Amino acid sequence: MKTIVLASLALAITCGTSFAGTPLINARQNVQAHRIFHGVQSGRLTFNETQKLVQGQIRVQNLENQAKADGVVTPFERARIHTAQSVQSARIFIKKHN
């Protein structure tokens, strides 16, 4: 089961770094993926919690991919992605500290 979770995290990390147009968004995605990974390694996150967090990361990545679909990420789209990342960050913190 941990293998599936770690494979999903690796996929989320590689998807986030495959685009060069939004380096700050990609960096934050990587940091959050590492936070989830360390939660799994330390035993603070259960399998179900990890799955939900990984799904959240994938949703944020999909927002970024949609924003980049036309080749330009507008300030509104950046703000929307930033908000989604902030929500995801709070969820990671809550799940790791419950």
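**Notebook: a four-helix chain**

Entry 1, the chain as a whole. I noted that the chain has 98 residues, of which 36% count as buried. The model I am reading is a predicted one. I looked up the elements next and found 4 helices and 0 strands. Read from the N terminus, their order is α-α-α-α. I then turned to contacts between residues at least 6 apart in sequence, and 76% of these join residues at least 24 apart.

Entry 2, helix 2 against helix 3. How do helix 2 and helix 3 pack, and at what angle? I found an angle of about 170°, with the axes 11 Å apart. An angle over 145 degrees counts as roughly antiparallel, and the two helices are therefore roughly antiparallel to each other. I listed the residues that make the contact: helix 2 gives Ile25, Asn26, Gln29, Gln32, Ala33, Ile36 and Val40. From helix 3 come Thr50, Leu53, Val54, Gln57, Val60, Gln61, Glu64 and Lys68. Sorted by class, this contact holds 7 nonpolar, 6 polar and 2 charged residues.

Entry 3, the nonpolar cores. Which residues make up the largest nonpolar core? I recorded 7 residues: Ile25, Val60, Leu63, Ala67, Val73, Ile81 and Ala84. Two elements give two or more residues to this core, namely helix 3 (47–68) and helix 4 (75–96). Helix 3 gives the most, with 3 residues. Apart from this core I found another, of 6 residues, which includes Ile36, Val40, Leu53 and Val54. I recognised these four names from the list of residues in the contact between helix 2 and helix 3.

I also looked up the surroundings of Ala67, a member of the largest core. With neighbours within four places in sequence left aside, Ala67 is in contact with Val72, Val73, Glu77 and Ile81. Of these partners, Val73 and Ile81 are themselves listed in the largest core.

Entry 4, Gln32. I located Gln32 in helix 2, which covers residues 23–42. Is Gln32 buried or exposed? Its relative accessibility is 2%, and buried means under 20%, so Gln32 counts as buried. Not counting residues up to four places away in sequence, Gln32 touches Gln57, Gln85, Gln88, Ser89 and Ile92. Gln57 is one of the helix 3 residues in the contact between helix 2 and helix 3.

Entry 5, Thr50. I found Thr50 in helix 3. At 1% relative accessibility, Thr50 counts as buried. I then looked for a polar partner: a polar atom of the Thr50 side chain lies 2.7 Å from the backbone oxygen of Thr46. Thr50 also belongs to the helix 3 side of the contact with helix 2.

Entry 6, Glu49. Glu49 lies in helix 3 as well. I noted a relative accessibility of 11%, so Glu49 counts as buried. Which residues does Glu49 contact, leaving aside its neighbours within four places in sequence? I found Arg44, Lys95 and Asn98. Its side chain makes a polar contact with the side chain of Asn98, at 2.9 Å. I also compared positions for Lys95: Glu49 and Lys95 are 46 residues apart in sequence, while their C-alpha atoms are 6.7 Å apart in space.

How values were computed:
Residues are numbered from 1 along each chain as its sequence is written. This is a predicted model: local features need pLDDT of at least 70, side-chain atom pairs count only at pLDDT 80 or more; totals for chains, interfaces and linings use all residues. Side-chain values use heavy atoms; hydrogens and water are left out. A nonpolar core is a set of buried Ala, Val, Leu, Ile, Met, Phe, Trp, Tyr and Cys residues joined through side-chain atoms within 4.5 Å. Buried means under 20% relative accessible area, exposed over 50%, partly exposed in between (1.4 Å probe, protein chains only). Contact means heavy atoms within 4.5 Å. A polar contact is a pair of N or O atoms within 3.5 Å; within protein, one must be able to donate a hydrogen and the other to accept it, and residues adjacent in sequence count only if both atoms are side-chain atoms. Axes are lines fitted to C-alpha atoms, for helices over the stretch in contact, and angles run from 0 to 180 degrees between N-to-C directions. Angles under 35 degrees count as roughly parallel, over 145 as roughly antiparallel, 65 to 115 as roughly perpendicular and the rest as oblique. Ala, Val, Leu, Ile, Met, Phe, Trp, Tyr, Cys and Pro count as nonpolar, Asp, Glu, Lys and Arg as charged, and the others, Gly among them, as polar.
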